[in-house]
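Here is a friendly walk through one protein model, from its strand pairs to its packed helices. Keep the 3D view open and follow along.

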Amino acid sequence: MPGMFTEADWAQLTELGISPDEADRQLALFRSPPPPIRLDRPCIPGDGVLQLGETARQVAATAHAAAAAAGRIVKFTPASGAASRMFQSLLAVRAESGGTRGALQARAAAGDAAAAEALQFFAELPRFAFAEALAAHLRRSGRSLEALRASGDVGGVVAALLDPDGLDYAAQPKGLLLFHRYPDGPRTAFEEHLAEAADIARASDEVARLHLTVSPEHAAGFTALLERVRGAYEHRLAVRYAVGFSTQKRATDTLAADAAHAPFRDGAGRLVLRPGGHGALIENLNDLGADLIFVKNIDNVQPEHRRPEALRWMRLLLGHLATVQAQLCAHLEALEGGAAGACDAAREFACAALGLHAAPRDAAALRQALDRPLRVCGVVRNTGEPGGGPFWVRAADGTCTAQIVESAQVDQADAGQRAAFAAATHFNPVFLACAVRDRLGRPYDLRRFVDPAAVFISRKSKEGRALQALERPGLWNGAMARWLTLFVEVPDATFSPVKTVNDLLRPAHQPAD
């Protein structure tokens with residue numbers, strides 16, 4: 001749209017690393033959003049979801065051990081963003097009057113869900129791993145947690161936990177919050193990921209590699225915690241850590257638009273840009289230059305006594321990935337060398353092992369279809385958790401590919417599409433093993449395999465004015481849409497998310513009896 005950007009705008013965009021073509025592309029998406037994806041059917045056991053038998057598990061376990069020993073594995077954990085969503089109910093109580101137990105009981109009786117959640121938090125406060133830290137903070141300021149609880153001062157307790165002059169938990173990242181209680185003291189989510197990395201990513205030289213994406217304002221906190229606990233964990237687990245941190249690139253920020261699809265500007269007339277969502281982290285993943293990567297969210301961790309099953313399945317997914325990758329590379333090498341029967345064998349493998357039922361017959365086209373990153377995604381039985389799941393998605397040319405699909409990608413006005421999404425039997429817990437090098441060991445440019453049309457457009461507000469926000473293709477859906485994708489059923493024990501603070505009261509996050 002001619003004249004949409006001024007010289008000052010171009011200077012602002014150039015400083016961020018956003019090109020004119022990219023700025024124009026983003027505005028065009030507001031004017032003409034891409035159509036919703038087309039679901040064909042859910043992936044289910046026997047049709048897109050693999051259930052590993054005992055023999056396959058043994059093969060995978062052996063393959064994982066070899067890959068880990070060779071130093072091929074990195075654990076990748078998105079850990080950006082504040083934990084404020086965990087505390088939405090408590091923040092609502094904090095923002096309103098009547099933060100006493102009696103007032104909240106009356107509101108809860110009238111159906112106020114936030115009040116009910118705040119009351120549960122208050123009643124069961126001693127069960128949280130951060131209770132002692134909260135009590136110590138109050139003592140330093142001459143107050144008593146016991147007295148606040150006895151008087152029913154829910155608002156006072158919430159303020160001490162969340163406010164900047166308290167523990168400031170509302171502004172902290174989830175990774176730095178105390179999640180689990182142990183006899184020797186509480187542990188943060190970050191510490192639990194350190195322990196996991198020591199198990200699944202330990203090389204023969206005893207080095208375990210872990211990478212976290214963090215926001216710039218929290219980077220110092222993660223670094224300080226690592227330096228404080230590294231020695232104890234390395235001694236206790238007989239491991240040496242190679243931990244890296246990165247931040248989301250400013251060049252992945254996206255323009256906001258007004259109702260007329262023109263650039264949204266703040267009160268000073270400057271362009272408003274917003275973080276591009278977790279899909280922007282494909283750049284961070286790409287920069288690792290790694291080999292085998294396990295992706296798992298920061299809040300999906302279990303305490304030590306509940307961790308073995310999750311660790312077992314992380315190893316199995318990585319091992320199955322390494323096994324299939326080796327077979328894939330062998331077929332690509334045979335195709336490259338023009339071996340007799342290579343094309344038929346590769347097509348059979350593509351269909352049987354990779355679900356590419358419409359794999360091309362031409363050798364060159366088949367190589368192109370197979371020469372791409374590979375991921376093995378653990379999926380759990382659908383128990384009603386919000387989020388995406390595994391589906392067969394039909395492309396414009398009629399072919400179907402296995403994809404992780406979020407509800408926002410589906411045409412909610414289409415009853416058939418709504419029904420197809422609702423029929424999902426499995427859920428995506430973000431439990432992914434990724435192979436990101438080609439058969440010659442060269443890292444793929446992961447940006448080549450993003451579906452740029454798989455964006456999300458949502459309605460937000462700034463300074464009291466409505467805006468349209470553009471979110472990049474999600475990391476495990478649109479950003480990996482052109483990868484080879486396998487789904488493997490994993491048990492519920494691998495999935496213990498913490499979306500609200502009271503989720504920490506679930507058995508999966510509580511100490512052993």
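Two strands are said to pair if DSSP finds at least two bridges between them. With that in hand, look at strand β13 (residues 389-394), which is joined to β14 by six bridges, the two strands running antiparallel. One residue to pick out is W392, whose bridge partner in β14 is A402. Please bear in mind that this is a predicted model.

**The sheet around β13**

β13 and β14 belong to an open sheet of three strands, in the order β1-β13-β14, and the pairing is antiparallel. Its edges are β1 (39-42) and β14 (400-405), each of which pairs on one side only. On average, neighbouring strands in this sheet are turned by 35° against each other, direction ignored. A helix joins the picture too: α16 (residues 415-422) packs on the sheet and touches β1, β13 and β14. The direction of α16 makes about 30° with that of β1.

**A hairpin further along**

Strands β17 and β18 also pair in the antiparallel sense, over seven bridges. In this hairpin two residues lie between the strands, and E463 takes a positive phi near 55°. To find your place in the ladder, start at I457, whose bridge partner in β18 is L470.

The two strand pairs described above can be set side by side:

| Strand pair | Bridges | Sense | A bridge partner pair |
|---|---|---|---|
| β13 and β14 | six | antiparallel | W392 and A402 |
| β17 (residues 456-462) and β18 (residues 465-471) | seven | antiparallel | I457 and L470 |

**Two packed helices**

Two packed helices are described by the angle between their axes and the distance between the axes. For helix α13 (residues 308-337) and helix α14 (residues 342-354), the axes come within 9 Å and cross at roughly 155°. Angles over 145 degrees count as roughly antiparallel, and α13 and α14 are therefore roughly antiparallel to each other. Their crossing is left-handed. On the α13 side, the contact is made by V324, Q327, L328, H331, A334 and L335. From α14 come A342, C343, A345, A346, F349 and L354. What is the character of the residues in this contact, nonpolar, polar or charged? They divide into 10 nonpolar, two polar and no charged.

**The whole chain**

Stepping back, the secondary structure of the protein chain comes to 16 helices and 19 strands. Along its principal axes, the C-alpha trace spans about 80 × 60 × 45 Å. A compact globule with 513 residues would have a radius of gyration near 24 Å, and the 25 Å of the protein chain agrees with this.

Terms used. Residues numbered from 1 in each chain as written. Predicted model: local features only at pLDDT ≥ 70, side-chain atom pairs only at ≥ 80, totals over all residues. Heavy atoms only, no water. Helix = DSSP H or I, 4+ residues; strand = E, 2+ residues; numbered from the N terminus. Axes fitted to C-alpha atoms, helices over the stretch in contact; angles between N-to-C directions. Parallel < 35°, antiparallel > 145°, perpendicular 65-115°, else oblique. Left-handed = near helix turned anticlockwise from the far one by under 90°. Contact = heavy atoms within 4.5 Å. Nonpolar A, V, L, I, M, F, W, Y, C, P; charged D, E, K, R; others polar. Rg over C-alpha atoms; globule rule 2.2 N^0.38 Å.
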